[in-house]
Amino acid sequence: MIEVKNLTKYYKGSLGAAVKNASLTAMPGEITVLLGPNGAGKSTTIKSIVNLLSYNGEILICGYPNNSLEAKKQFGYIPEVPVLYDLLTVDESIEFIGKAYRLENYKETGNKYLELFQLTQQRHKLAKELSKGMKQKLSMILALLIQPKALLVDEPMVGLDPASIEEVLNLLVELKNQGTSILISTHIIDVVNEIWDCAYIMNHGEIIRRIHRGEEGSETLKQIFFEATAEEE
């Protein structure tokens, strides 16, 4: 579970809060999406969850403070721009994470995801030699290697071809069915339209709408998003 409680963040020199008293929960066995226009506060929220920023409020990962070792052991993060070790090969990157987290059977898990993402033939390439899409796939593999109970995904489909997007969507549904808490931040609402369970809409630093699948009536998630953000404007 990912719990954000009363998150508030001010940047130095800013006239107002980048995020103001925002609360959200990504439940186990659900895919929760965080939506919002540019400048809504999504990036600040994500960086706070990952513990890259100081903030006011409380953020828990599976019941533990997000800066604790217990939380980090159960938390996977896939950033919009992959952060890789350029001079390590794909295999070496997997081995580094496996040993750093003291994971059992990390090689078998890595091989499974290498095959799924069709990176088996790239395993001896340096990370810097990979294409944009392959770097994104490797970033996903490294996050999933620890078999996280909570997963945060920021714009997961950037750089992926249609076939890879379908693979990722199927994988996210599979992880959800295994009980993983999944929080996705995205601008591309259509991509998550078939898999989301709960959605939070953010604007001007605040959560302005929360909706569960089945509550939207005849409206699509995209329609609800545009209505909610238009009302705010």
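## A loop residue with an unusual angle

Asn51 sits in the loop that joins α1 to β4 (56-61). The labels α and β stand for helices (H or I, at least four residues) and strands (E, at least two), which are DSSP runs numbered from the N terminus. This is a predicted model, in which local features need pLDDT of at least 70 and side-chain atom pairs count only at pLDDT 80 or more, while totals for chains, interfaces and linings use all residues. Residues are numbered from 1 along each chain as its sequence is written, and side-chain values use heavy atoms, with hydrogens and water left out.

What is the phi of Asn51 near? The value is near 70°, which is positive in a residue other than glycine. In general, most residues other than glycine have a negative phi. Asn51 comes just after α1. With a relative accessible area of 30%, Asn51 is partly exposed; here buried means under 20% relative accessible area, exposed means over 50%, and partly exposed is in between (1.4 Å probe, protein chains only).

Asn105 also belongs in this section: its phi is positive, at about 60°, although Asn105 is not a glycine. You will find Asn105 in the loop between α3 and α4.

## Helix α1 and its residues

Now step back to helix α1, which covers residues 42-49. How many of its eight residues are buried? Six of them are, and the helix is mostly covered. The buried residues are Lys42, Thr44, Thr45, Ile46, Ser48 and Ile49.

Ser43 is found in α1 too. Because its relative accessibility is 48%, Ser43 counts as partly exposed. Between the C-alpha atoms of Ser43 and Val19 there are 9.8 Å, and these two residues are 24 residues apart along the chain.

## Lys72 in helix α2

Helix α2 (residues 69-74) contains Lys72. Its relative accessibility is 36%, so Lys72 counts as partly exposed. Which residues does Lys72 contact, leaving aside its neighbours within four places in sequence? They are Asn51, Asn66, Asn67, Tyr101 and Ile146, where contact means heavy atoms within 4.5 Å. Asn51, the loop residue we began with, is thus one of the partners of Lys72.

For a sense of distance, look at Leu221: it is 149 residues from Lys72 along the chain, and their C-alpha atoms are separated by 32 Å.

## How α3 meets α5

Next, find helix α3 (residues 90-100) and helix α5 (residues 132-144), which pack with their axes 10 Å apart and at an angle of about 25°. Axes are lines fitted to C-alpha atoms, for helices over the stretch in contact, and angles run from 0 to 180 degrees between N-to-C directions. The two helices are therefore roughly parallel to each other; angles under 35 degrees count as roughly parallel, over 145 as roughly antiparallel, 65 to 115 as roughly perpendicular and the rest as oblique.

From α3, the contact uses Val90, Ser93, Ile94 and Ile97, and from α5 it uses Leu138, Ile141 and Leu142. By class, this contact has six nonpolar residues, one polar residue and no charged ones. Ala, Val, Leu, Ile, Met, Phe, Trp, Tyr, Cys and Pro count as nonpolar, Asp, Glu, Lys and Arg as charged, and the others, Gly among them, as polar.

Another residue of α5 is Lys137. Is Lys137 buried or exposed? With a relative accessible area of 10%, Lys137 is buried. Leaving aside its neighbours within four places in sequence, Lys137 is in contact with Phe117, Leu119, Leu160 and Ser164.

## How α3 meets α4

Helix α3 also meets helix α4 (residues 106-116): their axes come within 10 Å and cross at roughly 140°. That makes α3 oblique to α4. On the α3 side are Val90, Asp91, Ile94, Glu95, Gly98 and Lys99, and on the α4 side are Tyr106, Gly110 and Leu114. The classes here are four nonpolar, two polar and three charged residues.

## A buried serine in β8

Finally, turn to strand β8 (residues 181-185), where Ser181 lies. Why does Ser181 count as buried? The reason is its relative accessibility of 0%. Leaving aside neighbours within four places in sequence, the contacts of Ser181 include Met1, Ile2, Pro28, Gly29 and Lys149.
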